[in-house]
Amino acid sequence: MRSDFVGNLGCERAWAGAPAVPPRVAQHAAALACLARALAPDGIDEITVWTDAEVAARRSPVLTGLPALTVATGPAPVDAAAWGGRGELARAGDGATWREVAWHARVPAALAARVNDRRLALALATRLGCALPGAGVATDDASLRALLATMDRPWVAKAVLTAAGRDRAWGEGPPPVDVARRLARLLERFGALVIEPWLPRLVDVATCGVIDAAGGVRLLPTHGGRLGARGQFAGIELAPPSLGADEARVVVDTAAAVGAALAAAGLRGPFAVDAFAYEDEGGARQLHPLVEINARYTFGHVAHALGERLGAGVLGLGPPAPAGAVVLLRPDDDDGAAAWFAPGG
């Protein structure tokens with residue numbers, strides 16, 4: 001059986017009404033969209049991934065255990081599954097696996113924009129009593145300056161609807177001229193920014209889930225994340241992350257609460273909740289169980305799907321692949337996107 005998938009990894013830009021990402025970024029995202037073949041439900045042995053840029057077939061090796069892959073550009077079939085939801089269609093029935101639930105769910109753009117907005121995550125964190133001290137929303141220059149004036153440690157300003165560590169700025173104290181200009185551009189483009197303290201992270205984790213047609217929330221095991229110095233995604237570790245028992249319970253309980261809130265808002269399909277442990281100013285370990293909500297597929301879902309197909313392990317982005325790893329995506333001359341999976345216990 002064959003199926004179609006829309007590799008719209010830049011979906012947040014479309015939901016925000018912002019300009020499309022630059023061609024170089026679109027090429028990078030198109031290549032990474034090829035990993036979506038792992039997400040297909042059992043029984044699908046061929047998949048066409050529709051992208052905004054061409055991706056050479058040689059970059060995605062033929063792999064036992066994964067569907068055969070074709071990459072196409074242009075308008076996708078209306079019934080295609082998608083990285084980010086793009087319309088209301090039929091959903092998987094009772095007894096479906098999480099991959100079937102996610103694959104068949106569709107989310108209208110207006111709902112997707114609402115539930116992926118970082119202001120919702122901050123509001124939920126506030127309601128659950130786990131918002132970071134000083135976190136807030138700036139909607140104009142005056143509120144931005146007021147929020148930054150309260151920050152006594154490094155801060156990060158995030159656009160309210162974006163992904164992959166893009167569209168944000170960092171600083172400490174009043175922003176210098178170049179950072180102030182970037183903040184002004186972000187405010188003009190997105191209308192609001194979420195301001196948070198930038199904290200020294202000890203461990204990054206996330207909990208993926210799906211919401212089924214009846215609104216039931218199913219959570220996958222919490223996994224560890226590999227992030228760059230500025231929060232850029234670099235990989236997934238499926239082994240249980242380095243959390244204490246109490247921390248692990250809070251992370252799961254928080255993800256369940258977020259899932260219930262998303263279900264109540266009408267969302268059906270995949271979502272994930274990011275969390276991290278950090279060191280406070282006194283050197284004590286603290287847990288922030290609700291950093292961001294991604295109400296769509298994430299690479300965490302990809303990693304869990306690969307774990308089911310190939311054996312639990314590590315999903316890594318970027319070359320080189322370590323010895324014994326399965327190469328999922330090869331870099332190209334004009335695009336360095338690459339991915340590998342190292343099976344393991």
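A residue is called buried when its relative accessible area is under 20%, exposed when that area is over 50%, and partly exposed in between (1.4 Å probe, protein chains only). By this rule Ser 3 is buried, because its relative accessibility is 14%. The structure is a predicted model, in which local features need pLDDT of at least 70 and side-chain atom pairs count only at pLDDT 80 or more, while totals for chains, interfaces and linings use all residues. Residues are numbered from 1 along each chain as its sequence is written, and side-chain values use heavy atoms, with hydrogens and water left out.

Ser 3 is a good place to start the tour. This residue belongs to strand β1 (residues 2-6); helices (H or I, at least four residues) and strands (E, at least two) are DSSP runs, numbered from the N terminus. The side chain of Ser 3 makes a polar contact of 3.1 Å with the side chain of Trp 103. A polar contact here is a pair of N or O atoms within 3.5 Å; within protein, one must be able to donate a hydrogen and the other to accept it, and residues adjacent in sequence count only if both atoms are side-chain atoms. With neighbours within four places in sequence left aside, Ser 3 is in contact (heavy atoms within 4.5 Å) with Ile 44, Glu 46, Ile 47, Thr 48 and Trp 103.

Strand β1 is also part of an open sheet of four strands, ordered β3-β2-β1-β4 and paired in parallel. Its edge strands are β3 (68-73) and β4 (81-82), each of which pairs on one side only. Two strands are taken to pair if DSSP finds at least two bridges between them; β2 (residues 46-51) and β3 have six bridges in the parallel sense. Across this pairing, Trp 50 stands opposite Ala 72 in β3.

Attention now turns to the nonpolar interior. A nonpolar core is a set of buried Ala, Val, Leu, Ile, Met, Phe, Trp, Tyr and Cys residues joined through side-chain atoms within 4.5 Å. The largest such core holds 68 residues, and those with the most contacts inside it are Phe 5, Leu 39, Trp 83, Trp 103, Leu 315 and Leu 328. A second, separate core has 17 residues, including Met 151, Ala 159, Val 179 and Phe 190. Beyond its neighbours within four places in sequence, Leu 328 has contacts that include Leu 35, Arg 59, Leu 306, Leu 315, Trp 340 and Phe 341.

Charged pairs come next. A salt bridge is a side-chain nitrogen of Lys or Arg within 4 Å of a carboxyl oxygen of Asp or Glu, and the count by this rule is 17. One of them joins Glu 12 and Arg 296, whose closest N and O atoms are 2.4 Å apart. Since Glu 12 lies in helix α1 and Arg 296 in the loop between β14 (285-294) and α9 (299-310), this pair ties together parts that are 284 residues apart in sequence. Glu 12 is buried at 3% relative accessibility, and Arg 296 is buried at 9%.

The residue after Glu 12 offers another such link. Arg 13, in helix α1 (residues 11-16), forms a salt bridge with Asp 167, with the closest N and O atoms 3.0 Å apart. Asp 167 sits in the loop between β6 and β7, so the pair connects parts that are 154 residues apart in sequence. Both partners are buried, Arg 13 at 9% relative accessibility and Asp 167 at 7%. The side chain of Arg 13 also reaches the backbone oxygen of Pro 19 at 2.7 Å. Residues touching Arg 13 from over four places away in sequence include Val 21, Arg 189 and Phe 190.

A third pair, Arg 58 and Asp 332, likewise has its closest N and O atoms 3.0 Å apart. Arg 58 lies in the loop between β2 and β3 and Asp 332 in the loop between β16 and β17 (339-343), so parts 274 residues apart in sequence are tied together. Arg 58 counts as exposed, at 56% relative accessibility. Elsewhere, salt bridges that share partners join Arg 118, Lys 158, Arg 168, Glu 196 and Glu 292 into one network.

Two backbone details complete the account. Most residues other than glycine have a negative phi, and most peptide bonds are trans. Asp 167 nevertheless has a positive phi, near 55°. A cis peptide bond, with omega about -5°, joins Pro 319 and Pro 320, and Pro 320 lies in the loop between β15 (313-317) and β16 (326-329).
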